[in-house]
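Student: Please take one part of this model and look at it closely: the empty spaces and the residues around them. I would like one connected account that also takes in the backbone and the helix packing elsewhere in the chain.

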Amino acid sequence: MNIDDIIYKISDIPGISRLPFMSRFISGEENEEEEEVFKLEGKLYVLIADDQAEDLEMLKSYFEDAGAIVTAAPGGVAALEAARKDKFNLIFIANTMRHMDGLQVFKNLKNSSDNRNRDTSVYLMLRRRDPRNPEDFKDYGFADIVRKPIGRNSAMKFLIDMASKTMLPDNQEMLDRIKEDAEKERLLAEAGIDFNEAVQKSKGDLVTFYAQLVKFIKLTEEIQDRLYDELLEGDETKYMEDTRAMRDISLKISAERLYDIFDDHVNMAKDDALDIAYKNYPSLEKEWNYIYDCMVKITDKLGIDTSILYAEK
């Protein structure tokens with residue numbers, strides 16, 4: 001089934017083409033359906049530590065647009081100095097930074113005698129293409145582990161969860177919608193997918209983007225079982241064809257970690273190195289299954305019944 005067939009089958013699902021709040025800024029045009037903008041009616045203080053200037057400024061703007069007061073620290077030392085001076089409601093620390101990584105910043109923060117933020121919720125931010133599993137960091141004491149980039153809805157949800165009821169807009173429908181879209185953003189980020197980048201690849205058409213997610217699910221269900229058999233049988237041609245198909249759809253949904261892995265396996269097949277592919281297959285399968293599970297959860301939340309793919313047009 002090609003992408004046009006999938007678009008045809010999902011385009012009539014109620015709400016499928018509604019752009020999440022964050023995607024209003026993809027084309028620079030406002031979404032006229034949004035009648036009210038989320039804004040806190042009180043003060044919440046947020047500290048962000050990241051030495052990647054673009055990521056730092058984007059997340060800072062998301063929180064400030066929602067009414068938070070933000071301190072942006074361009075590295076670990078600046079973050080520790082800010083935490084020594086001021087009290088914050090939320091702290092976000094990038095794990096990968098020069099000079100002092102996120103784990104060391106967190107340890108220094110908790111061990112400092114003049115720390116004013118000992119009880120503040122601290123979130124560790126992993127790079128999108130960081131191969132490590134968030135579960136590896138669960139025992140350090142962070143409030144949670146999140147993947148970059150943190151989307152606009154996700155930033156607003158952090159504030160909604162932290163704020164008192166009196167600080168929130170009196171629009172429960174909007175708050176619920178933000179939480180729903182934040183969950184989609186979280187699942188995409190966990191799969192290593194940048195929502196803005198992925199939708200741009202679909203030329204700003206959200207239905208096309210979701211159709212690509214559905215196609216990823218369908219190809220996985222068609223290819224995964226036979227791919228291992230092709231590997232065991234030493235069928236380089238078929239193995240290369242199937243890994244190339246998965247590599248290409250992974251790129252279209254901006255699942256770059258998985259794209260990199262599939263690209264390695266395509267090259268292994270080209271180089272007559274299926275023995276190396278066999279040794280590396282468990283890591284491919286682990287990442288593949290993880291992203292597949294995230295995509296299934298997203299399509300479930302969108303109300304897409306993937307069984308429609310097997311029905312007649």
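Tutor: The element names used here rest on DSSP runs, with helices of at least four residues and strands of at least two, each numbered from the N terminus. The model is a predicted one, and every value that follows should be read with that in mind.

I begin with the second largest pocket, which has a volume of about 400 Å³. Its lining comprises 22 residues, and those closest to the centre of the pocket are Asp-144, Val-146, Phe-158, Arg-186 and Glu-190. Three elements each give two or more residues to this lining, namely β5 (144–147), α5 (152–162) and α6 (172–190). Set against those ranges, Asp-144 and Val-146 belong to β5, Phe-158 to α5, and Arg-186 and Glu-190 to α6. The most is given by α6, which supplies six residues to the lining of this pocket. By class, the lining of the second largest pocket has ten nonpolar, two polar and ten charged residues.

The stretch that follows β5 leads on to a different kind of space. Pro-149 lies in the loop between β5 and α5, and the peptide bond that joins Lys-148 to Pro-149 is cis, with omega near -5°. Lys-148 and Pro-149 are also among the residues that line the largest cavity.

Rolling a probe the size of a water molecule over the atoms shows where empty space is left. Over the whole structure, the search finds four cavities of 30 Å³ or more, and the largest cavity holds about 90 Å³ of space. Its lining is formed by Ile-48, Asp-50, Asp-55, Leu-56, Met-58, Leu-59, Tyr-62, Met-125, Lys-148, Pro-149 and Ile-150. Helix α2 (residues 53–65) gives the most to this lining, with five residues. Sorted by class, the lining of the largest cavity has eight nonpolar, no polar and three charged residues.

Turning to the helix packing, helix α3 (residues 76–85) and helix α4 (residues 102–111) pack at an angle of about 25°, and their axes are 10 Å apart. Angles under 35 degrees count as roughly parallel, so α3 is roughly parallel to α4. The crossing in which α3 passes α4 is right-handed. On the α3 side the contact is made by Gly-76, Ala-79, Leu-80 and Ala-83, and on the α4 side by Val-105, Asn-108 and Leu-109. This contact of α3 with α4 has five nonpolar, two polar and no charged residues. In the loop between β3 (90–94) and α4 lies His-99, a residue with a positive phi of about 75° although it is not a glycine.

A second helix pair is found further along the chain, where the axes of helix α9 (residues 236–252) and helix α11 (residues 274–302) come within 14 Å and cross at roughly 30°. These two helices, α9 and α11, are therefore roughly parallel to each other, and their crossing is left-handed. Glu-236, Tyr-239 and Met-246 make the contact from α9, while Leu-274, Ala-277, Tyr-281, Leu-284 and Trp-288 make it from α11. By class, the contact of α9 with α11 has seven nonpolar, no polar and one charged residue.

Notes. Residues numbered from 1 in each chain as written. Predicted model: local features only at pLDDT ≥ 70, side-chain atom pairs only at ≥ 80, totals over all residues. Heavy atoms only, no water. Axes fitted to C-alpha atoms, helices over the stretch in contact; angles between N-to-C directions. Parallel < 35°, antiparallel > 145°, perpendicular 65-115°, else oblique. Left-handed = near helix turned anticlockwise from the far one by under 90°. Contact = heavy atoms within 4.5 Å. Nonpolar A, V, L, I, M, F, W, Y, C, P; charged D, E, K, R; others polar. 1 Å grid on protein atoms, 1.4 Å probe; cavity = no way out; pocket = protein on both sides within 12 Å on 5 of 7 lines; lining within 4 Å. Points joined across faces, edges and corners; volume = space filled by probe spheres on them.
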